[in-house]
Amino acid sequence: MQFTQIKETSLYVKDLEATEKFYREVMQLPVITRMAGRHVFLRAGSSVLLCFLRDVKIESAELPVHYGSGQMHIAFEADAVHYARWKERLQQYNIEIEHTARWPSGKESFYFRDPDGHLLEIAETLMWGF
């Protein structure tokens, strides 16, 4: 048996409106759905970024309870042409690039923060060799 991908990733945030604005405007992720006072879900390629208000325990008849806190890490992948454009875009928004790394594959990635301090990374395609 083999997985094809990680389909969803969750972040828990303080300010849903600021989170949606950042991921929609800066990161250019389209909104899939939102529920005021609870969540906003955004599309990143074939994956989904689930952003929940961190102080709201997610309870429903259909799903187990889940919630979290603390600074999380997510890496987005971009081809070489778009990788360079992402650096330029973040500079246009005055978002600090905290670190750039070159990996054993020869590929590069860089790190920055979202409004909640979550550590985001943009990595060149094939950083891990696949």
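In which order do the strands of the open sheet of 4 strands stand? In this predicted model, the order is 5-8-7-6, and the pairing is mixed. The tour starts at this sheet.

**The sheet and its edges**

Select strand 5 (73-78) and strand 6 (99-102) to see the edges of the sheet. Each of them has a single partner strand, so one side of each is left without a neighbour in the sheet. From one strand to the next, the twist averages 20 degrees.

Next, display strand 7 (residues 108-113) beside strand 6; the two pair in the antiparallel sense over 4 bridges. Within this pairing, Glu 108 of strand 7 is the bridge partner of Arg 102. Now add helix 2, which packs on the sheet and touches strand 5, strand 6, strand 7 and strand 8 (119-124). The direction of helix 2 makes about 30 degrees with that of strand 7.

**Glu 108 and its two partners**

Keep Glu 108 selected and show its side chain. Which residues form a salt bridge with Glu 108? One is Lys 87, with the closest N and O atoms 3.1 Å apart. This pair joins strand 7, where Glu 108 lies, to helix 2, where Lys 87 lies, and so ties together parts that are 21 residues apart in sequence. The other is Arg 102, where the closest N and O atoms are likewise 3.1 Å apart. Arg 102 is thus met here both as the bridge partner of Glu 108 and as a salt-bridge partner of that residue.

Colouring by accessibility separates the three residues. Glu 108 is buried, at a relative accessible area of 16%. Lys 87 is partly exposed, at 21%, and Arg 102 is exposed, at 57% relative accessibility.

**Arg 89 in helix 2**

Stay in helix 2 (residues 80-92) and select Arg 89. Is this residue's nearest side chain of opposite charge close or distant, in Å? That side chain, Glu 25, is 7.5 Å away, and Arg 89 is buried without a salt bridge. The cut-off for a salt bridge is 4 Å between side-chain nitrogen and carboxyl oxygen. With neighbours within four places in sequence left aside, the contacts of Arg 89 are Glu 25, Val 26 and Gln 28.

**Helix 1 and its charged residues**

Move to helix 1 and select Arg 24 and Glu 20, which both lie there, 4 residues apart, or about one turn of the helix. Their side chains meet in a salt bridge at 3.5 Å, N to O. Which of the two is buried and which is partly exposed? Glu 20 is buried, with a relative accessible area of 11%, whereas Arg 24 is partly exposed, at 37%.

Extend the selection to Glu 25 and Arg 34: salt bridges that share partners join these two residues with Glu 20 and Arg 24 into one network. The structure holds 6 salt bridges.

**The nonpolar cores**

Hide the charged side chains and turn to the largest nonpolar core, which has 24 residues. Phe 22, Tyr 23, Met 27, Phe 76, Phe 112 and Ile 122 are the members that touch the most others. At least two residues of this core come from each of strand 1 (8-13), helix 1 (16-26), strand 3 (39-44), strand 4 (47-53), strand 5, helix 2, strand 7 and strand 8. Helix 1 gives the largest share, 4 residues.

Centre the view on Phe 76. Not counting residues up to four places away in sequence, Phe 76 touches Tyr 23, Met 27, Leu 29, Ala 44, Leu 120, Glu 121, Ile 122 and Ala 123. Apart from the largest core lies another, of 5 residues, including Tyr 12, Phe 41, Val 48 and Leu 50.

**Two loop residues with positive phi**

The last stops are in loops. Select Gln 28, in the loop between helix 1 and strand 2 (31-35). Gln 28 is not a glycine, yet its phi is positive, at about 60 degrees. Its relative accessible area is 48%, which makes Gln 28 partly exposed. Gln 28 was met earlier as one of the contacts of Arg 89.

Then select Asn 94, in the loop between helix 2 and strand 6. The phi of Asn 94 is near 55 degrees, again a positive value in a residue other than glycine. Asn 94 counts as exposed, at 72% relative accessibility.

How values were computed. Residues are numbered from 1 along each chain as its sequence is written. This is a predicted model: local features need pLDDT of at least 70, side-chain atom pairs count only at pLDDT 80 or more; totals for chains, interfaces and linings use all residues. Side-chain values use heavy atoms; hydrogens and water are left out. Buried means under 20% relative accessible area, exposed over 50%, partly exposed in between (1.4 Å probe, protein chains only). Lys and Arg count as positive and Asp and Glu as negative; His and the chain ends are not counted. Contact means heavy atoms within 4.5 Å. Two strands pair if DSSP finds at least two bridges between them. Axes are lines fitted to C-alpha atoms, for helices over the stretch in contact, and angles run from 0 to 180 degrees between N-to-C directions. A nonpolar core is a set of buried Ala, Val, Leu, Ile, Met, Phe, Trp, Tyr and Cys residues joined through side-chain atoms within 4.5 Å.
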